[in-house]
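User: I would like to go through the reasoning behind some of the labels used for this structure. Please set each value against the criterion it has to meet.

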Amino acid sequence: MKFRIRHKLVIWMAIVALLPAITASAVSIRVILKRLRGNLQAETMQNLNVGVNLVVSQIETVKNAASSLVKKNHIHVLLNGGELTFNQKAQIRKDFQNLGYGSIQTLSKKGEVRGSIYLGNVDEITTKKEIERDYEESLDVSRDLINKALKDYSTSLDIFIWKVRYGSRKGINQIYIRALIPILDENYDLKGALAVTTVLDSLFCQNLSTVLGSQIILYPIEGDPSADFVSSFRNTDNQPLTRIPVSEKNISKSRNTHSKTTIFESTVGRARYSFASRLLYNNRGVPVAVFGVGMNVGAIQKGRNDAILTIVLVSLLALLIVIGLASWLAGNISRPLDQLVYKVQEIAKGDLNVEIEIDRGDEIGEVSQSFNNMTRELRVLRDKQAVQMSEIQTMNEIANAISVQVGLENVASEVLNSISLAIQASDSALMLKTEDGKWHCVISDGISGEKLPDLKYKNVAVFKAAINKGSFIHINSIKKEVTDGDLEGELIAFPVHLKDDYLACALFYRNTESGKWNDVHIRVLNRVFDQVGIYLVNAQLYEKISSFNEHLEQMVEERTQLLIRSNEQLENALEELTATQYKVRINDRLAGLGSLMAGIAHEINTPIGAIEAATGNLSRQIKVFLDNLILISENVHDTSTLTFALTLMENFLSDFAYTTDSRDPDREMLNRFVEKLEKHGVQNSRQTARKFTELKAVELITEFLNQRGDEHAPLFTAFILEFLLIVKNIGSMGRATHSILTIVKALRAYSHVHQDVPEWTNIHDGIETSLVILANRLKQNITIVREYSEIPPARVFGDELSQVWTNLITNASQAIEGKGMILIRTQVEAGDKICVTVTDTGKGISPDVLDKIFEPFFTTKKTGEGSGLGLGIVHSIVKKRHGGDIKVTSRPGETSFTVILPISVGTEKVVE
Amino acid sequence: MKIIALVLLNFLWLSGCSSGDSQRGMTRKNTLVVAWAKDITTLDPACADGWESAEVISQIYEGLVYEDPDTHQVKMRLAQSVKSSENGLVWDVKVREGIKFHNGMVLNAQAVAFSFKRQMEAVQKGTSSKYNCNFSYWKAYFNMIDDVKVISDYAVRFTLKYNYAPFLKMLEIFSVYIVAPFSEEKPDSLDKNPVGTGPFKIHRRMEGRVVLKRNSAYWNSKLKASYEYLVFQTIPENRQRVLALEGGQADIAYHLDPEGHLAIGLHPSLALKKVQSVNVAYLALNTQKYPFSIRQNRIAANHLIDRDKINKMVYQGTGDTANAPIPPYLTIDGIKIYKKSWPWYEYNQARALELFREGGFAEQMASKPLNLYVIRNPRGTLPNPLLMANLIRNDFRRMGIEVKIHALEYRDYKTALATGKHEMAIHSWIGDLWDPDNFLFGLLHYSSTGTNYSKFNDSAYNEAVYKGRTIDKPSLRAEFYRKALDIFKNEAPWVPLVYAKIVVAYNKRVLNLKHNMDTTTLYNLVRLED
């Protein structure tokens, strides 16, 4: 939204004056009203609360009066139906005078009225009787309370409505307070009850009003309030009001049993009153009457009205002043400003000839003056600018024309053309320096163009003179200044330079009629020729690059052909290499096999020797054994001894498991045994004893000697001994055979090279097989230490792994050079991997070759000792075949190869 | 446009400010004033023994558990959970985490153990005098606790000497409310500067006036008080108290005599509430002193006194005449212990005289006046102690026995009774927990020296009430208590008088006025109507 200044001024005025003025007045008025009403209501409520307390206090007073009366002796007189003296009655009335009008009744234990005394000042005797009678009859209302007092010693209080039956107020509903109290004797025995009843009439209201300072009104909750109401109001004649000063609407509002308090206003006479009322309840909690308190609000209201009026007037006055000021200010500033704005708009449209005519001393005048100055300046600048603009335009055109050309000739021709066009030259020529420093005319234009290079100025060609000078030469009249030539008119020679080197010179000519070239032309030319140098050099370079490119392409083609040929050669070499590798591998294997076979032959040789030796012994031993048997059968007729011996031998055989025991037998035991044999007449007893001990048959022979140690004992001893030696020999043969079998089995496993499917294999078995095969190499001073953990069977290519173990153990044995320890450790790692570590105590692998050892053909052994394929094969079997890993750590004295294998290799064949 | 808005706002703010309530502090709107007849004695839960002290203490401190007034079930308050071992000897209490005392200290197992142990140790070491406090509640109820141990930051273990059936319920007694630990060197710390976890904290304390302030950081946000200040004002005179209530200076008035209720009943702004309470008002007969050391004389006293009349005159129909030491509605898990119609000795002067003859007192009646002790100030359960004493004296007089009434202040009264000066004492007892043990053991077992005003010591009775507290099964317990009641009737150490209802007068602006089982008031739930 756009505002004029004068509009804004008005809005501002409104903001700073009008709105606050209105708001302030409104707020003040609101506050005053609220405060007054709030105060009024609060005060009325306060008065109501105090009033209510006073009513309750009246009730309390009635009760206290009754309580004190009940302790007095004459109440018993009254109770017993006796008549009190006039003075006694007067005393009671005096004691009760604060209570106003009312009555006292005594009741017997059965609840019958026994005596009555009216309260208050009553003149006529007939009325006194009527009053007492009325009160007596009203006791019916309180029958239940009377019963409670007489039965339960209960004191009670009540508020009730009673329609008057006698006297001048007959038919009117009056509000009463009653206290009922049991009458007891000094022993707290019940004698009767006392009822004290007082009426809440206009006298009560007046008394209350005096204490409270407000007016009181009371009316029953039911019936006709205009007839039944009592109040403290007085009319001008100081008589009680005859008409209820509360509207019917407010009466019904005040009688609403749900609202706690009712607040309303009402006019009584000429005064206005603020009323607050609340309900009074009987002792069963039923509302019986409305109690209202009224405060005169007339005076307070007048003060309030005055205050509001003052505020409104002051606000209006302030407002008028502000508006007057605002309009004067608006006129004074906004009119000249409007004029200024109009002129400025004219200038903005482009009319710089406008002058503002405001002659004022204030800021607006200054602004106008400045505007005039500004337009003047603007005019000068505008003219200057026009000239410059045309120069720039020309230059741009020339530059654009030149820049799109390619090739020296094209550029040169364009330079001449475009500049000629711009400076309206009729002829032109461009001189260019060749690489050898000579000058030649590249291009000329116009009828006399060719002549221009030859024109001489002070005996030098004009273009040379310009180059020598290092700046243009402007000849206004060729006829006058140029020594030779038939041309008439102007000439200008412009040298073209790039940095410090002059590489060309342009010549322009026009005949005199065309008018003279001025400074502007020169300036344009200067600028243009600053650039032309670059264009020309670029053009020359372009031509050079073009020719170089062509040459380059040819060279690339030749080189490519060469490369293709050498590639082919390389490929052939590679193939040969692969073939060689394969051969080397086979050879290596065969060589290994050969070395193995030698070892194995030796291994087999030993047990076979053993068997051979045993076989020789055996035939001799059997012969001796049979001889002994014959001897026995000839000499010993009782076959039972033989049978016993045979039985013992049979038993021995079934338990027999021969092991060599290198320990020396217990000396003492041996001695005793020797003694025993001697005792039984065995010859050569010590030697025999040793043999038996060695054969672990001491028990056997002892048993025999104990049972059948007769004169044939030496014979049987020899017989049994020979038998035992036979058994021993057979045992030796068995073991030798077993050794051979083991070796053969291992060999079979080793030769079983390529497996298609992994099988469940005990890794330990594989290692043991390898150790068997390598047994020959591992003799001498090598200790094999096995640290086998409990590992589960693994699903692997077992036979290929045997190669791994063989390789690693062989390497280890070579590393320790036949002397030291090889540690083989197995363990489960991460639950699903098996680790096999082969550690040797050799000199170690040097760190700089540690990362190469798994490469094919790498070896640290002397030429001919190994092909270097060993660890390469190991690597490929572990990694590619099993998807495992192999690690090596090495330091002098401890080199470890750790093979990590998954417990189960994938079923699909891993391609090597 | 912005500026216009700003200016307008400014004006509105100014006007708003002028009409706003700029005053803070105690106003009628944010303050609830309670008027009562008797000042508190202490704010140390362990030392308190009057209802008034308990009432204030219950606002400042809290127990591990509390009893739901509607269902009579034990519920957790500062405890998160309570578990007992099979044999009932080990009780593990897990303390609720994240609760702070009024002084910012964290409620933990340490504090809980402290609240129990300081009483236990003081009683064990006999250093109670240092505290100016006799720990009568501890002595009466908690001697079955063998040890209290901190087992972790928020766990406490109670070890009992013997199985005590109502142990869990006992933890709701105000004397073991949890207090912030304080130095043993300042034994009266809590009385001067009470620090608990409750919904109110101490603000100011003067002679006859205690001002509490809402604990705005109360841990149970649902139970935070809705108003700021809670004032307990002592106004000894009945009429003055009523006037304060009528004039709006007090919102709640206690200890009104029943006659005072009458006018209040007719006041349109005020209301009365009868609070049922587990209590009994009784005449304790000193069984260790002649003539009431003789059983016949005690029964004679029971025939002599017109209990019904006392109820009617003194309580103006708000109470029930008592026939037993426990009210008939006090049950064990819903099992009644006796019927309402359970007969007591009827009012019969002739029979009384006969029994006095049997008891050998008839001859001395005229010459031996009896001393009757009574607390002078009225209280909820004894609204007019003097009238009561007079009525009793009157009944004795009929027989020709003179009775001397000693109406004393609470402390003097207690001292007199402790030294056994009395032949008779009017007393009333408000149950600390909803269990017969609280009455039958606490008021009549020979070991409850602090509260057994009749100094009753009957081995069969002692055994019955002891069994009643150590057996878990409710039906069995009820059986033992029935047996105890039979012995009670036969031995008649009391003249049971009245089960009182406590009458509270209050301004109708006080909404949601609720009471606990022990008749302490839930002031934090009260709302003040505008």
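User: Leaving aside its neighbours within four places in sequence, what is A:Val537 in contact with?

Analyst: In this predicted model, A:Val537 is in contact with A:Leu498 and A:Leu503 once the neighbours within four places in sequence are set aside. A:Val537 has its place in helix α14 (residues 519–635) of chain A. A:Leu503 and A:Val537 are 34 residues apart in sequence, while their C-alpha atoms are 8.5 Å apart in space. The criterion for contact is that the C-beta atoms, placed from the backbone, lie within 7 Å, so the C-alpha distance is not the value that decides it.

User: Why does A:Val537 count as partly exposed?

Analyst: A:Val537 has 18 C-beta neighbours inside 10 Å. Since a buried residue needs 20 or more and an exposed one has 12 or fewer, A:Val537 counts as partly exposed.

User: Which class do A:Tyr188 and B:Ala492 fall into, buried or partly exposed?

Analyst: A:Tyr188, with 17 C-beta neighbours inside 10 Å, counts as partly exposed, whereas B:Ala492, with 25, reaches the limit of 20 or more and therefore counts as buried. A:Tyr188 is placed in the loop between β4 (173–184) and β5 (190–199) of chain A, and it has a positive phi of about 60° although it is not a glycine. B:Ala492 is found in the loop between α16 (474–491) and β18 (494–499) of chain B; B:Ala492 is likewise not a glycine, and its phi is positive, about 45°.

User: How do you know that the span of helix α11 (residues 408–423) of chain A agrees with what is expected?

Analyst: The expected span is 1.5 Å times one less than the number of residues, so the 16 residues of α11(A) should span 22 Å, and the end C-alpha atoms are indeed 22 Å apart, which agrees. The buried residues of this helix include A:Leu408, A:Val411, A:Glu414 and A:Ile423. Just after α11(A), A:Gln424 takes a positive phi of about 55°.

User: What makes β8 (200–206) and β12 (270–276) of chain B edge strands?

Analyst: The open sheet has seven strands in the order β8-β9-β10-β1-β11-β19-β12 (chain B), with mixed pairing. β8(B) and β12(B) each have a single partner strand, so one side of each is left without a neighbour in the sheet, and they stand at the edges. Two strands pair if there are at least two bridges between them; β8(B) and strand β9 (residues 209–214) of chain B have six, in the antiparallel sense, so the criterion is met. Within this pair, B:Arg204 stands opposite B:Val211 in β9(B). Helix α2 (residues 51–60) of chain B packs on the sheet, where its direction makes about 135° with that of β8(B).

User: How many residues of chain B take part in the contact with chain A, and how do they divide?

Analyst: Chain B gives 25 residues and chain A gives 27. The largest share of the side of chain B that touches chain A, seven residues, comes from α1(B). The residues on that side divide into ten nonpolar, eleven polar and four charged.

User: What makes the peptide bond from B:Tyr290 to B:Pro291 stand apart for you, and where does B:Pro291 lie?

Analyst: The bond from B:Tyr290 to B:Pro291 is cis, with omega near 5°, and B:Pro291 lies in the loop between β13 (279–285) and α9 (295–304) of chain B.

How values were computed
Residues numbered from 1 in each chain as written. Chains lettered and ligands numbered in written order. Predicted model: local features only at pLDDT ≥ 70, side-chain atom pairs only at ≥ 80, totals over all residues. Contact = placed C-beta atoms within 7 Å. Helix = DSSP H or I, 4+ residues; strand = E, 2+ residues; numbered from the N terminus. Nonpolar A, V, L, I, M, F, W, Y, C, P; charged D, E, K, R; others polar. Axes fitted to C-alpha atoms, helices over the stretch in contact; angles between N-to-C directions.
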